[in-house]
Amino acid sequence: MPAFRRLATSLFVPAFAVVALSTLAGCDESNPGMFAPACPATDIPSAASDRFVYDGRGLDVGSLVSHAQLTSIAGDCQRGPKGPKDEQMVRTRISLAMNLTRGPAAEGSSIDVPYFIVIMRDGKIVDKKVFTDTFKLEPNVSTQAVRTELRLIDLPAAKNLQDNPYTLEIGYQLTREELDYNRAHLPVVKFRGRTQ
């Protein structure tokens with residue numbers, strides 16, 4: 001599913017997202033003469049790239065509590081610690097950048113943002129990790145760019161460290177109502193990965 005979204009001016013149309021998980025992040029820190037191992041591919045399900053929270057009184061702008069919008073994913077890979085069976089691991093360090101909007105119905109000064117990282121191999125889910133970061137919005141600011149904490153994902157390495165058989169699917173952890181809202185109101189988009 002990786003691709004750019006066209007930047008839109010409407011509050012209800014998500015902005016573009018860039019996936020920037022580097023596969024060659026320089027030299028491996030544990031062995032300075034070696035290239036870093038390949039990172040897993042990344043994928044953002046379009047229905048999980050925005051999170052609209054309403055106050056339960058309606059779905060108009062006046063009932064909006066917050067809107068989180070995924071704008072980019074950044075990270076790198078390096079040799080990780082040995083696994084439980086003494087196998088070589090690849091450590092992926094990953095962080096999400098997003099825009100947060102405080103809606104007219106917001107009552108607090110902070111926004112909780114739950115998001116997931118699903119680990120897939122050969123089209124099958126291997127594991128799912130759910131995180132929640134809390135961001136405090138500055139007073140008198142309705143929209144703010146933020147970045148999540150750095151998350152570490154250790155995966156078994158392939159025999160050739162320049163191959164990585166895993167895919168990370170990343171998006172917001174939505175309720176059924178939030179997912180239904182996105183499917184009904186947001187255009188289907190595809191995201192395209194970009195290596196830096």
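Colleague: Let me start with one residue: does K124 count as buried or exposed?

Modeller: K124 counts as exposed, at 61% relative accessibility. The label has fixed cut-offs: buried is under 20% relative accessible area, exposed is over 50%, and partly exposed lies in between, with a 1.4 Å probe and protein chains only. Before we go on, this is a predicted model, in which local features need pLDDT of at least 70 and side-chain atom pairs count only at pLDDT 80 or more, while totals for chains, interfaces and linings use all residues. Residues are numbered from 1 along each chain as its sequence is written, and side-chain values use heavy atoms, with hydrogens and water left out.

Colleague: Where does K124 sit, and how far is it from Y166 in space?

Modeller: K124 belongs to strand β9. Its C-alpha is 9.8 Å from that of Y166, although the two are 42 residues apart in sequence.

Colleague: Which secondary structure does the chain have?

Modeller: Count 1 helix and 12 strands. Helices (H or I, at least four residues) and strands (E, at least two) are DSSP runs, numbered from the N terminus. Follow the sequence and the pattern is β-β-β-β-β-β-β-β-β-β-β-β-α. Of the 196 residues in the chain, 46% count as buried.

Colleague: Let's take one strand. How many residues of β5 are buried?

Modeller: That's 5 of the 5, so β5 is largely enclosed by the rest of the structure.

Colleague: And which way do the side chains of β5 point?

Modeller: The general idea is that side chains in a regular strand alternate between the two faces of the sheet. In β5, D50, F52 and Y54 point one way, while R51 and V53 point the other way. All of these residues are buried, whichever way they point.

Colleague: Which strand does β5 pair with?

Modeller: Pairing of two strands calls for at least two bridges between them in DSSP. Here β5 has 5 bridges to strand β6 (residues 64-79), and the two run antiparallel. To find your place, look at Y54, which stands opposite L64 in β6.

Colleague: How many residues of β6 are buried, and how many bridges join β6 to β7?

Modeller: In β6, 12 of the 16 residues are buried, so this strand too is largely enclosed by the rest of the structure. There are 13 bridges between β6 and strand β7 (residues 89-102), again in the antiparallel sense. S66 gives you a landmark there, as it stands opposite R102 in β7.

Colleague: On to the rings. How many aromatic pairs are there?

Modeller: A search of the whole structure turns up 3 aromatic pairs. Rings of Phe, Tyr and Trp (its six-membered ring) pair if their centres lie within 6.5 Å; planes under 30 degrees apart are stacked, over 60 edge-to-face, and the rest tilted. F52 and Y181 make a tilted pair, with 5.3 Å between centres and 55° between planes. This pair links distant parts of the chain, since F52 is in strand β5 (residues 50-54) and Y181 in helix α1 (residues 176-185), 129 residues apart.

Colleague: Are F52 and Y181 buried or exposed?

Modeller: F52 is buried, at a relative accessible area of 3%, and Y181 counts as buried at 10%. Another tilted pair is Y115 with F131, at 5.6 Å centre to centre and 35° between the planes. That one also links distant parts of the chain: Y115 is in strand β8 (residues 110-121) and F131 in strand β9 (residues 124-136), 16 residues apart. Both partners are buried, Y115 with a relative accessible area of 1% and F131 with 16%.

Colleague: Which residues form the aromatic cluster with F52?

Modeller: Y54 and Y181 join F52 in one cluster. You've met Y54 already, opposite L64 in β6.

Colleague: What lies over the faces of Y166 and F116?

Modeller: A charge sits over a ring if NZ of Lys or CZ of Arg is within 6 Å of the ring centre and within 35 degrees of the ring normal. R121 does this for Y166, at 5.3 Å from the ring centre. For F116 the residue is K128, at 5.2 Å from the ring centre.

Colleague: One last residue: where is K159, and is it buried or exposed?

Modeller: Look in the loop between β11 (151-156) and β12. K159 counts as exposed, with 91% relative accessibility. Its C-alpha is 9.0 Å from that of Q88, with their positions 71 residues apart in sequence.
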